[in-house]
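Biologist: Let us go through this model together. Please keep the answers short.

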Amino acid sequence: MVYCSNCNKSIDLRNKTIDTLITYIQGEKVILTYVECDTCDSKLYVQIDNDETKQILEQLVKVIDRSKQDKQNMDKLRKQYKRLNLKLSNLRKELREQYEGRKVWNNVILNTEPLTFSIK
Ligand SMILES: [Zn+2]
């Protein structure tokens with residue numbers, strides 16, 4: 001469950017469309033994942049990625065695909081999956097900390113509200 005940082009209403013993510021926004025913060029390309037609050041239309045940012053985390057995500061998908069076919073190497077693949085998944089969540093956490101509070105350019109208007117993540 002996520003709470004709107006603007007109006008404090010709870011938002012059930014299961015019924016929400018999750019959108020992404022590719023933007024630049026201080027010259028660095030980032031991909032922000034967000035949902036919109038039903039009550040006040042605020043964008044609630046729930047995830048941040050960059051090229052590095054996207055690459056890890058691609059590797060994760062490959063490991064999942066391989067594990068469906070390659071039953072003999074299950075243990076090895078499971079370990080790989082765990083390692084990549086941990087790396088991914090650590091990097092995303094670092095990115096959240098790095099960009100929290102920065103101004104976001106959303107291609108249409110300059111959002112003057114600082115970036116705040118709804119998931120910590
Ligand atoms: Zn709201």
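Modeller: Two terms come up front. Two strands pair if DSSP finds at least two bridges between them. Helices (H or I, at least four residues) and strands (E, at least two) are DSSP runs, numbered from the N terminus. The model is predicted: local features need pLDDT of at least 70, side-chain atom pairs count only at pLDDT 80 or more, and totals for chains, interfaces and linings use all residues. Residues are numbered from 1 along each chain as its sequence is written.

Biologist: In what order do the elements of the protein run from the N terminus?

Modeller: The protein has two helices and seven strands. The order from the N terminus is β-β-β-β-β-α-α-β-β.

Biologist: What is the strand order of the open sheet of three strands?

Modeller: Its pairing is antiparallel. The edge strands, each pairing on one side only, are β3 (19–25) and β5 (43–49). From one strand to the next, the twist averages 35 degrees. The order is β3-β4-β5.

Biologist: How many bridges join β3 to β4?

Modeller: Strand β4 covers residues 28–36 and runs antiparallel to β3. I22 stands opposite I31 in β4. The bridges joining β3 to β4 number seven.

Biologist: At about what angle does helix α2 run to β5?

Modeller: Axes are lines fitted to C-alpha atoms, for helices over the stretch in contact (C-beta atoms, placed from the backbone, within 7 Å). Angles run from 0 to 180 degrees between N-to-C directions. Helix α2 (residues 74–99) lies across β3, β4 and β5. Its angle to β5 is about 125 degrees.

Technical notes. Contact = placed C-beta atoms within 7 Å.
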